[in-house]
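User: Could you take a close look at the sheets of this model and walk me through how their strands are arranged, together with the helices that pack on them? I would like one connected account.

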Amino acid sequence: MTDREQNGEEQSGSSFKKPVHVFWYDEHGGKTTEEASAEAQAQPQAQSQAQSQAQGGNQAEAEGKIIFTEPPFEDAEQPIVGHYKQPKQQPEKEVKPIPRQLDDVITKLEDDVGYKTSFDIVVREMTFGNKRTAFYFMNGFAKDTILTEVLKRLTYLESDSLSTDALHSFFSIYLPAIQVVEEQDWDNVMTNVLAGGTAMFIDGEAKAILIDAKAFPARNPEEASLERVVRGSRDGFVETMLTNVTLVRRRLRDKKLRYEIMRVGDRTQTDICIAYIDDIVDKEMLKSIKDKINLIKLDGLPLGDKQLEEATVKRGWNPYPLVRYSERPDTVAVNLLEGHIALFVDTTPSVMILPTTFFDLIQHAEENRQTPFIGTYLRWVRFIGVLMSLFLLPLWFLFTLRPELKPAGLDFIGAQQAGRIPMVAQFLLAEFGVDLLRMASIHTPSPLVTAMSLISAILIGDIAVKTGLFVNEVVLYMAISAIGMFATPSYELGLANRIVRLMLIVTVAMFKVSGFMIATTAFIVYLTLMRSFNRPYMWPLIPFDAKGLMSIFIRVPVLSNRTRPNLLKPQQRNRMPNDEHQ
């Protein structure tokens with residue numbers, strides 16, 4: 001019995017009043033090897049019982065079901081838990097051989113990748129030591145200085161320098177490059193060259209030599225645009241994955257840090273790096289994420305991490321983010337130390353952190369750059385801003401419709417005069433106006449953004465109020481709600497909260513108090529039922545974890561924060577170094 005089965009048995013054993021014996025059948029109708037050996041050792045009366053049960057199993061086999069039968073042992077004995085039907089193993093990829101003759105290689109390159117058609121595909125044919133060779137690379141990806149040094153070194157070869165095994169001589173002796181590997185699969189050679197490498201074909205050899213000499217078009221690390229801090233590092237992620245993993249490695253010099261590379265997309269062959277700390281991360285969660293990525297069947301991921309999220313999470317029309325994005329290497333390093341898993345996607349200047357919770361999405365790096373007291377204050381201000389962005393407008397609208405609900409001290413709240421259009425229409429127009437302003441600021445050239453904001457905020461808002469199109473307080477509370485949305489660290493969470501605010505406004509307009517209460521309750525229940533990679537979305541509030549909730553609402557000093565979150569099920573709960581880790 002595997003560890004997973006034992007764990008599952010311990011968790012679910014208390015719910016069984018009577019042990020259950022589980023048999024399962026493979027697709028050919030036969031039992032597993034373990035069950036066959038168990039039947040051979042069973043007593044004759046147990047064998048007859050098992051045979052009668054197997055007859056019923058043949059019927060269930062056609063339906064693809066699992067058979068539950070009564071156990072042939074006493075209640076005090078340990079129950080036997082069978083396996084679920086395992087999926088078929090994927091057939092191994094067929095290896096496409098590399099032509100031995102160099103002329104055949106050139107012809108195959110013309111047919112497969114468009115050599116002599118695409119101008120950026122280069123094949124450099126040269127002869128070294130009476131041996132014909134061809135270097136195949138992409139013009140925009142090749143590191144010309146390295147390849148030039150390789151060619152210089154090979155030009156010194158004489159006719160008697162190469163042994164009978166020319167491939168071995170080039171690979172082990174004469175190629176002055178650091179990262180060099182042999183490859184015999186044609187498709188792997190093509191993929192590596194399209195990813196920036198260089199392939200060296202040798203006449204008469206059925207293998208190629210791959211030289212890792214890449215020079216991707218890239219920009220220098222700059223400050224993250226969505227996660228700015230007053231004090232702290234100014235380097236953020238860029239579009240080159242190798243640069244991004246190096247930025248994290250610079251902050252996390254842990255020998256247990258692992259970077260596993262995968263490729264997704266039949267056409268794009270996008271590189272994806274799974275980052276985790278081996279002796280901290282929950283291995284079951286890690287395996288689950290790898291399995292989800294392996295099951296992705298797409299042409300490609302040209303849009304990077306967002307398409308990867310949709311392909312793995314499969315959340316449908318759920319507006320709330322189930323992963324967290326970060327553009328800061330220090331934030332990713334902190335989350336890796338807690339037990340999270342990070343996904344780097346090539347060509348994307350942000351990193352996915354998973355799993356995540358609602359409360360993770362409203363924390364910011366600035367809180368940890370200040371003292372614990374100031375950090376706690378900033379966190380509370382941000383929490384209040386998020387709550388105001390959700391409930392301020394619906395509550396004010398409710399008090400306007402039902403003035404008798406207002407406490408005595410809040411008599412000044414509510415519209416003193418009605419506008420020319422219904423109040424709910426004013427709210428919807430204001431919401432759409434703020435969204436339109438946000439999109440316009442994105443598409444407006446930077447020197448004109450300030451002027452456009454002033455025109456929109458002062459002229460449009462002031463004229464709309466003076467003409468009676470809007471009520472003064474609608475503009476005021478709409479502005480406060482917009483500020484709370486912009487103060488939300490997660491851009492995706494802020495947009496999702498806006499959708500919920502619109503729904504609350506509509507339900508208040510239709511059903512007043514009952515609408516507000518039902519919609520708010522449904523919203524909380526909806527968040528409670530959500531899970532991010534099998535982790536509760538509202539942890540540590542639901543399920544309640546007092547210590548975890550304290551760490552959310554209070555920025556705990558570094559030396560007092562000694563344990564990792566229970567949510568992640570880390571292998572090492574203690575944050576403090578120990579002898580085994582060292």
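Analyst: Two strands are taken to pair if DSSP finds at least two bridges between them. The model is a predicted one, and with that rule in hand its sheets can be read strand by strand.

In one open sheet, five strands follow the order β3-β4-β6-β7-β5, and their pairing is antiparallel. At the edges stand β3, residues 121-128, and β5, residues 180-183, each of which pairs on one side only. From one strand to the next, the twist averages 25°. Within this sheet, β4 (residues 131-138) and β6 (residues 198-202) run antiparallel and are joined by five bridges, and F137 has T198 of β6 standing opposite.

Two helices belong to the picture of this sheet. Helix α4, made up of residues 102-112, lies across β3, β4 and β6 and runs at about 20° to β4. Helix α5, residues 144-154, also lies across β3, β4 and β6, but its direction is at about 175° to β4.

The other open sheet to consider has five strands in the order β8-β9-β11-β12-β10, again with antiparallel pairing. Here β8 (257-264) and β10 (324-326) are the edge strands, and because each has a single partner strand, one side of each is left without a neighbour in the sheet. The twist in this sheet averages 25° from one strand to the next.

Both edges of this sheet can be followed to their partners. At one of them, β8 pairs with β9 (residues 270-277) in the antiparallel sense over eight bridges, with E260 standing opposite I274 of β9. The hairpin that β8 and β9 make has five residues between the strands, and in this hairpin G265 adopts a positive phi near 105°. At the other edge, β10 is paired with β12, residues 351-354, through three bridges in the antiparallel sense, and Y325 stands opposite M352 in β12.

A last residue to look at is T191, which is found in helix α7, residues 186-194. T191 counts as buried because its relative accessibility is 18%, and the cut-off for that class is under 20%. When neighbours within four places in sequence are left aside, T191 is in contact with R263 and Q269. Of these two partners, R263 falls within the 257-264 span of edge strand β8, so the contact of T191 with R263 links a residue of helix α7 to that strand.

How values were computed
Residues are numbered from 1 along each chain as its sequence is written. This is a predicted model: local features need pLDDT of at least 70, side-chain atom pairs count only at pLDDT 80 or more; totals for chains, interfaces and linings use all residues. Side-chain values use heavy atoms; hydrogens and water are left out. Helices (H or I, at least four residues) and strands (E, at least two) are DSSP runs, numbered from the N terminus. Axes are lines fitted to C-alpha atoms, for helices over the stretch in contact, and angles run from 0 to 180 degrees between N-to-C directions. Contact means heavy atoms within 4.5 Å. Buried means under 20% relative accessible area, exposed over 50%, partly exposed in between (1.4 Å probe, protein chains only).
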